[in-house]
Amino acid sequence: RFPSNRFTTCFFAVLDPERHQLTYVNASQETPFILRRAADPLPLPSAGLPLGLFDDSEYTSGRVALEPGDVLLCYSDGVTEALNAAGDEFGEERLLPCIDAHRGSTPEVLLDRILATVRTFAASAAQNDDVTALVLRYKTR
């Protein structure tokens, strides 16, 4: 339960390892991506309002088939909205090339490269929001 002037975004996912599927709901969270070896990043777009805005909000789930080696990338708006000293936002236009350059790396290296790229971009500018990211690689047994 939220006070009337508060809300939160949310990305919720359930992995079905038997069917190799990820079922998800994106309630206005920054667009997560599935990263595949030889394809463009697959966005998992929002299908609902932030949680807490309206009592009667409904959410639609999405489903995506996963292949071994696929990577799920989730991140907070503090990544794409990080500002540099000139007041420019980092944005997806800087995030996507970073992802592409390191897509074959381990999840740890990809995460480190994303966070380092955001820090370098922001340089001496004050951090105005949390900078949070999650990188998971799908493996079969």
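Okay, one definition before we start: contact here means heavy atoms within 4.5 Å. Keep that one in your head, since I'll lean on it right away. And please remember that we're looking at a predicted model.

So, with that in hand, look at helix α3. It lies across β3, β6 and β7, and its direction makes an angle of about 155° with β7. Those strands belong to an open sheet of 4 strands, ordered β4-β3-β6-β7 and paired antiparallel. The edges are β4, residues 42–43, and β7; each has a single partner strand, so one side of each is left without a neighbour in the sheet.

Let's go inside that sheet for a second. β3 and β6 run antiparallel and are joined by 3 bridges. If you want a pair to click on, leucine 35 sits opposite valine 71 in β6.

Now out to β7, residues 133–137, which is where you'll find leucine 136. Is leucine 136 buried or exposed? Somewhere in between: it counts as partly exposed, because its relative accessibility is 44% and the partly exposed class lies between the 20% and 50% cut-offs. Skipping neighbours within four places in sequence, leucine 136 touches Asp70, Val71 and Leu72. As for proline 43, it's 93 residues away from leucine 136 along the chain, and their C-alpha atoms are 15 Å apart.

Next up, helix α2. This one covers residues 91–102, so 12 residues, and spans 17 Å from first C-alpha to last, close to the 16 Å expected at 1.5 Å a residue. Which residues of α2 are buried? Gly91, Leu95, Cys98 and Ile99. They cover an arc of only 100° around the axis, which puts them on the same side of α2. Flip to the other side and you get Glu93 and Ala101, which are exposed. And what do the buried ones pack against? That would be β3 (33–35), β6 (71–75), α1 (77–80) and α3 (107–122).

Let's stay with α2 and α3. Two packed helices are described by the angle between their axes and the distance between the axes. For α2 and α3 the angle is about 145° and the axes are 10 Å apart, with a right-handed crossing. On the α2 side of that contact you have Arg94, Leu95, Cys98, Ile99 and His102, and they meet Leu110, Arg113, Ile114, Thr117 and Phe121 of α3. Notice that Leu95, Cys98 and Ile99 were also among the buried residues of α2.

Over to another strand pair. β2, residues 21–27, pairs antiparallel with β5 over 4 bridges. In β5, valine 64 is the bridge partner of leucine 22. Generally, in a regular strand the side chains alternate between the two faces of the sheet. β5, residues 62–65, does just that: Gly62 and Val64 point to one face and are buried, whereas Arg63 and Ala65 point to the other face and aren't.

Last thing, for the torsion-angle people. Most residues other than glycine have a negative phi. Here are two non-glycines with a positive one. Histidine 20 has a phi of about 55°, and its place is in the loop between β1 (10–16) and β2. Histidine 20 is partly exposed, at 32% relative accessibility. Then there's alanine 123, with a phi of about 45°, in the loop between α3 and β7. Alanine 123 is exposed, at a relative accessible area of 60%.

That's my tour, thanks.

Terms used:
Residues are numbered from 1 along each chain as its sequence is written. This is a predicted model: local features need pLDDT of at least 70, side-chain atom pairs count only at pLDDT 80 or more; totals for chains, interfaces and linings use all residues. Side-chain values use heavy atoms; hydrogens and water are left out. The expected span of a helix is 1.5 Å times one less than its number of residues. Buried means under 20% relative accessible area, exposed over 50%, partly exposed in between (1.4 Å probe, protein chains only). The arc is that of the directions from the helix axis to the C-beta atoms. Two strands pair if DSSP finds at least two bridges between them. Axes are lines fitted to C-alpha atoms, for helices over the stretch in contact, and angles run from 0 to 180 degrees between N-to-C directions. A crossing is left-handed if the near helix is turned anticlockwise from the far one by less than a right angle, and right-handed if clockwise.
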